[in-house]
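User: Could you take me through one part of this chain up close? I'd like a single strand and its surroundings, with enough of the overall fold to place it.

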Amino acid sequence: MLRKILDLVLTTLAVQSVAQVPYVAAGKYPQAPELSFLYTAYVDCKGSIMSEDGPRGKRQAIPIVGGNFTGPRLSGMLPPGSQHRGTGAEMPRYAADHFLGQILDLGADWGTADPKTGIFSADTRYNLRTDDGADIFVQTSGPTSPLGRLHLRLLFETGHKEYYWLNNIVAIGTLTPVEVGVDSSVLRIDAWNFARDWNRTPWKG
Ligand SMILES: *[C@@H]1O[C@H](CO)[C@@H](O)[C@H](O)[C@H]1NC(C)=O
């Protein structure tokens, strides 16, 4: 009995103290961190080659077979005659602030659908190759949002000195279907990362 009264008093106190916190006042939240644009990728996928109920829900295996990516803050070369996606203008052969890389025919999305909600979450591994030859291993994951896009976390891994900073970034992205066919699809991924100053990594020695 005493225990119950004590619980009631503690609960009441807790509710009152929460209610007194002026947490909705403007400017009281910490400022949201700034993101900087990383790249836009177009990912070519084949139709799922597996769709099975398992211990983690319905797992698919969707081959990632190609595509490309471009973004500022990464150096590289553009092939002759490359056109700017937005304006159609011809890009210079060497562009200091743009690059065009390819997505290799190497990966897949082993995403699952949550059996409790039906919400699909991506779970991918694939490889990027920059135009100047750096190989970058990418892992992404994240759920379908209520508006139908996927929200992604992206992890990068590379041993290439010019792109080594990618190992240290924390990146997020959105995935929007561009074309969806019976046996193939094209997906657009826009990616950003914390900290605009990540564009080179000083090496020791
Ligand atoms: C990038 O890939 C997409 C999807 O495959 C394609 O439509 C687009 O033409 C490619 N862009 C370039 C510059 O090759």
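Analyst: Sure. The chain has 1 helix and 12 strands, and bear in mind that this is a predicted model. Along the sequence the order is α-β-β-β-β-β-β-β-β-β-β-β-β, with the helix leading and the strands following. Of the 205 residues, 23% are buried. If you take contacts between residues at least 6 apart in sequence, 50% of them link residues at least 24 apart.

Let's zoom in on β10, which spans 150-157. Its side chains alternate: Leu 150, Leu 152, Leu 154 and Phe 156 point to one face and are buried. His 151, Arg 153, Leu 155 and Glu 157 point to the other face and are not buried. Notice that Leu 155 is on that second face, along with His 151, Arg 153 and Glu 157. As a general backdrop, nonpolar side chains tend to be buried together in soluble globular proteins.

Now for the strands that pair with β10. On one hand there is β9 (135-143), which runs antiparallel to β10 and is joined to it by 5 bridges. β9 and β10 make a hairpin with 6 residues between them, and Gly 148 in that turn has a positive phi of about 100 degrees. On the other hand there is β11 (171-180), also antiparallel to β10 and also joined to it by 5 bridges. Leu 154 is a handy place to see both pairings: Thr 140 stands opposite Leu 154, and in β11 the bridge partner of Leu 154 is Ala 171.

Further along β10 you reach Phe 156. Phe 156 counts as buried because it has 21 C-beta neighbours inside 10 Å, and the cut-off for buried is 20 or more. Setting aside residues up to four places away in sequence, Phe 156 touches Ile 136, Val 138, Leu 166, Asn 167 and Ile 169. Phe 156 and Thr 140 are 16 residues apart in sequence, and their C-alpha atoms are 8.9 Å apart in space.

Ile 136 is worth following from there. With residues up to four places away left out, the contacts of Ile 136 are Asn 127, Leu 128, Phe 156, Thr 158, Tyr 163 and Leu 166. Ile 136 is also one of the residues with the most contacts inside the largest nonpolar core, together with Val 43, Ile 103 and Ile 189. That core has 28 residues. The strands that each supply at least two of its residues include β9, β10 and β11, while β1 gives the most, with 5 residues.

Past the strand, His 160 sits in the loop between β10 and β11. His 160 is partly exposed because it has 14 other C-beta atoms within 10 Å, and that class lies between the cut-offs of 12 or fewer for exposed and 20 or more for buried. Apart from neighbours within four places in sequence, His 160 is in contact with Ala 134 and Asp 135. The C-alpha atoms of His 160 and Asp 135 are 7.3 Å apart, with the two positions 25 residues apart in sequence numbering.

One last bit of context is the ligand. The residues around it are Tyr 42, Asp 44, Gly 67, Asn 68 and Val 186. β1 (35-46) and β4 (62-70) each supply at least two residues of that shell, which divides into 2 nonpolar, 2 polar and 1 charged.

Technical notes:
Residues are numbered from 1 along each chain as its sequence is written. This is a predicted model: local features need pLDDT of at least 70, side-chain atom pairs count only at pLDDT 80 or more; totals for chains, interfaces and linings use all residues. A residue is near a molecule or strand if its C-beta atom, placed from the backbone, lies within 6 Å of it. Helices (H or I, at least four residues) and strands (E, at least two) are DSSP runs, numbered from the N terminus. Ala, Val, Leu, Ile, Met, Phe, Trp, Tyr, Cys and Pro count as nonpolar, Asp, Glu, Lys and Arg as charged, and the others, Gly among them, as polar. Two residues are in contact if their C-beta atoms, placed from the backbone, lie within 7 Å. A nonpolar core is a set of buried Ala, Val, Leu, Ile, Met, Phe, Trp, Tyr and Cys residues joined through C-beta atoms within 7 Å. Two strands pair if DSSP finds at least two bridges between them.
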